[in-house]
Amino acid sequence: MSSLAHEKMIPPDNKRGRHDNNEENEDRLSDLPDCVLLHILSFLNSKHAVQTCVLSPKWKHLWKCIPTLILHSSEFSNAKKLAIFVTKILNLRDTTTPSLHTLDFERLGSFEPQRTLKEIVNYACSHNTQLKQLGICVKGDSSIIFPRISSCQALTSLKLCVYPKGLYSNGKRTLFPKSLNLPALTSLDLTYFAFCASDIADHAEPFSSFNCLNNLIISNCTVMDAPILRISSSTLVNLAMSNNSSDFTKIELFAPSLYTITFDGVPHQRLCGSSLSSIKQVNIEADIFSNTFEELPFVLFSWPQDLINTKSLTVTASNLKILFLVPDLFKAKLPSLLCNLKTLKVCSRMKWPTKLRLTFDTSSNEDTVEKSQPNTRSPPQDNSL
């Protein structure tokens, strides 16, 4: 008899088969420590995190202790359901272990009801000694937000998008406070704000009080009653600017540690200041669709002349088209202006501009700035949530 036939006559190991079936039915995920499960749940939108309570008895109350709350209106069919969910989840969370590290609330659409926004802000401030990362994107009244978040002295990351009330904003922006005491803040992401100058100054200087600031993103912002936005910070490393207003004409940089600038939009403002020589990496995605197109080549051309120590430059093909409109371009001796350049990258025309955005890294409770395909952050419409 052949060895193959002999092997076929050997009866199967039924005990081993039963053991394999038991392994398939075993709930290995639930056997993980609670701290690991909470870490996994921290990546979920809070609505989905709550739904895990049906998995097993162990998961029934686990969601109440998640250190991250992600509440986005896109997960709900209407505003009323969102408001009910917010009230319930805030009331049912475990108060014996107050470990809220991250709160991200986003409500795009018509005006945010005052009650829901107050609930969110008050809950965040009730955890002011633990809260590290706070994101609020609403269409409403900033007077609810700023007085309360000043008590969150442990905040390291703040992301705010506050669109004005009404169907048509007519270019109005939410006023950013002249002083905001957040001593631990390292990352700040602002959308749709107006910065005010002091009574005797010709510039607005809204970020000088943030002594630990590393990452700054300003999108769709403007300056009131002054032509200059001054960015002064001894610790700032990354600066991203996107689609800002043409109401101010100059950006002064006094940030000796500044390494990277990323720009997206129409280059209305000229760059100046004592920190230009420290910048080593520049990313530019200039918008060629503008009513002031004739001014763009000259503003854009002035940037590489000022950023003489740039080692890495990324531009798009459209940027080069704009520069070719500069009279006597080839007489400008560009090689001498960019004598320290080591890397030049020209991207093809992109459907959506690439820029920097602030994201919450729940794995380390730290914030990061990463390249992405971003939301263009246009004001929300009133025909939805």
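The following exchange examines why certain labels apply to rings, charges and strands in this predicted model.

Me: On what basis are residues numbered and features accepted here?
Reply: Residues are numbered from 1 along each chain as its sequence is written, and side-chain values use heavy atoms, with hydrogens and water left out. Because the model is predicted, local features need pLDDT of at least 70 and side-chain atom pairs count only at pLDDT 80 or more, while totals for chains, interfaces and linings use all residues.

Me: Why are Phe-176 and Phe-193 called an aromatic pair, and what makes it edge-to-face?
Reply: Rings of Phe, Tyr and Trp (its six-membered ring) pair if their centres lie within 6.5 Å; planes under 30 degrees apart count as stacked, over 60 as edge-to-face and the rest as tilted. Phe-176 and Phe-193 lie 5.8 Å apart centre to centre, with 90 degrees between the planes, so both conditions are met. The structure holds eight aromatic pairs.

Me: Which parts of the chain does the pair of Phe-176 and Phe-193 link?
Reply: Phe-176 is in the loop between strand E5 (174-175) and strand E6 (187-191), and Phe-193 is in strand E7 (residues 193-196), 17 residues apart. Strands are DSSP runs (E, at least two residues), numbered from the N terminus.

Me: What makes Phe-176 and Phe-195 an edge-to-face pair?
Reply: Their centres are 5.8 Å apart and their planes stand at 80 degrees, so the same definition is satisfied. Phe-176 and Phe-195 are both buried, that is, under 20% relative accessible area (exposed is over 50%, partly exposed in between; 1.4 Å probe, protein chains only). Ring pairs also link Phe-146, Phe-176, Phe-193, Phe-195 and Phe-207 into a cluster.

Me: Why is the charged end of Arg-173 said to sit over the ring of Tyr-192?
Reply: The term requires NZ of Lys or CZ of Arg within 6 Å of the ring centre and within 35 degrees of the ring normal. The charged end of Arg-173 is 4.8 Å from the centre of the Tyr-192 ring, so the distance condition is met. The charged end of Lys-47 sits over the ring of Phe-76, 5.0 Å from its centre.

Me: How do you know that strand E3 pairs with E4?
Reply: Two strands pair if DSSP finds at least two bridges between them. E3 and strand E4 (residues 157-163) have seven bridges in the parallel sense, so they pair. Lys-139 stands opposite Tyr-163 in E4.

Me: What makes strand E3 mostly covered?
Reply: Seven of the seven residues of E3 (residues 133-139) are buried.

Definitions and conventions. Helix = DSSP H or I, 4+ residues; strand = E, 2+ residues; numbered from the N terminus.
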